[in-house]
Amino acid sequence: MNLILTNTSTEEIANSLLHGEELYSLATGRVLTLLVAASERDDMDSILDTVRTATRQHPARVLVVVAGDKGADSALDAEIMLTAEAGASELVVMKLYGELVEHMDSVVIPLLLPDTPIVAWWPTATPKRPAEAPLGRLAHRRITNTRRTTTGNALLRLSSGYAEGDSDMMWSRITLWRGIVASTLDRNPEQHIESISITGPVDNPSVDIAGGWLASCLDVEVTRLPAEGTSAIIHNVPITSLVINRADGSIAVSVVDERTVRVSSPGLPDSYVAMTARSDADCLAEELRHLDPDIPYARALGGLTRVSEHN
């Protein structure tokens, strides 16, 4: 079912959703409300594909709020997608004009599912303080995507504006890599770590947050080095090389190709671990999997001050 509503109201949208639930038996199974903040300049097809894929694991009522022309007369257009058009969820794309752009929270409140968690996601723009943004004030969890933010130091803004419940997809993008590093260190936890260097593209915030994570967990200064080139390997795997210097020698976790990581440890043969790139849908699905505060992410943000750049 795909229903277009022009110059509509939240009451009409709510009634249409209720009617759709009656027709397609969608009244149960929604585990959360996902609020998506977008603008008319965004690639909506890509955003909706990401949402459809991620919410197959976490069926939700998805309310996509698209900021239109603030100078226009106040108006609300909506597209409601159910069943095949929305994957496992029910999708509402609302385009706001005029004064409504400044009141996204008021628009979505009548459409929130009762007694379910609320998650806000910013697929492109990163607000300075997510918890204080209109949709962020309603949400239990707030997910940003600094990899898609092209202006300013979004990571620095997130660090200074952090509130409990915030997270970012740059963090979930390196979950598999973090698991490999943690497993490697667990093999010989007694050795003193003298220094750490981490290498990756200068414009990729996943490299910075990885450095902050290591600094906070291991209580050591981390040096961040720039990766050379812009190959598919660097694009797919943010951290191209990690070197952990210890008294008994160095542990190295390095990218071999776009699907393989090599782990080198003193006194042991090299091991090779499969690791594929993670899509936005993979990262969003992981973020929706746990709705409690992400304490390791908060600590990683706090460790950023111990990461120094070396050009």
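This passage looks at one helix pair and at the aromatic ring pairs in a predicted model.

Start with the helices. Helix α6, spanning residues 175-186, packs against helix α7, spanning residues 205-218, with the two axes 12 Å apart and at an angle of about 30°. Since angles under 35 degrees count as roughly parallel, that makes α6 roughly parallel to α7. The crossing of α6 past α7 is right-handed. On the α6 side, the contact is made by W177, R178, V181 and L185; α7 brings in A210, W213, L214 and L218. Sorted by character, the residues of this α6 with α7 contact come out as seven nonpolar and one charged, with no polar ones. The charged one is R178 of α6, and the nonpolar residues include W177 of α6 and W213 of α7.

Now for the rings. The count of aromatic pairs comes to three. One pair is made by W171 and Y297, whose ring centres sit 6.1 Å from each other with 55° between the planes, so the pair goes down as tilted. This pair ties together distant parts of the chain, with the two positions 126 residues apart in numbering: W171 belongs to helix α5 (residues 169-172), while Y297 belongs to helix α10 (residues 295-302). As for exposure, W171 and Y297 are both buried. The pairing doesn't stop with these two, as ring pairs link Y162, W171 and Y297 into a cluster.

Methods:
Residues numbered from 1 in each chain as written. Predicted model: local features only at pLDDT ≥ 70, side-chain atom pairs only at ≥ 80, totals over all residues. Heavy atoms only, no water. Axes fitted to C-alpha atoms, helices over the stretch in contact; angles between N-to-C directions. Helix = DSSP H or I, 4+ residues; strand = E, 2+ residues; numbered from the N terminus. Parallel < 35°, antiparallel > 145°, perpendicular 65-115°, else oblique. Left-handed = near helix turned anticlockwise from the far one by under 90°. Contact = heavy atoms within 4.5 Å. Phe/Tyr/Trp six-rings, centres within 6.5 Å; stacked < 30°, edge-to-face > 60°. Buried < 20%, exposed > 50% of the residue type's maximum accessible area, 1.4 Å probe, protein only.
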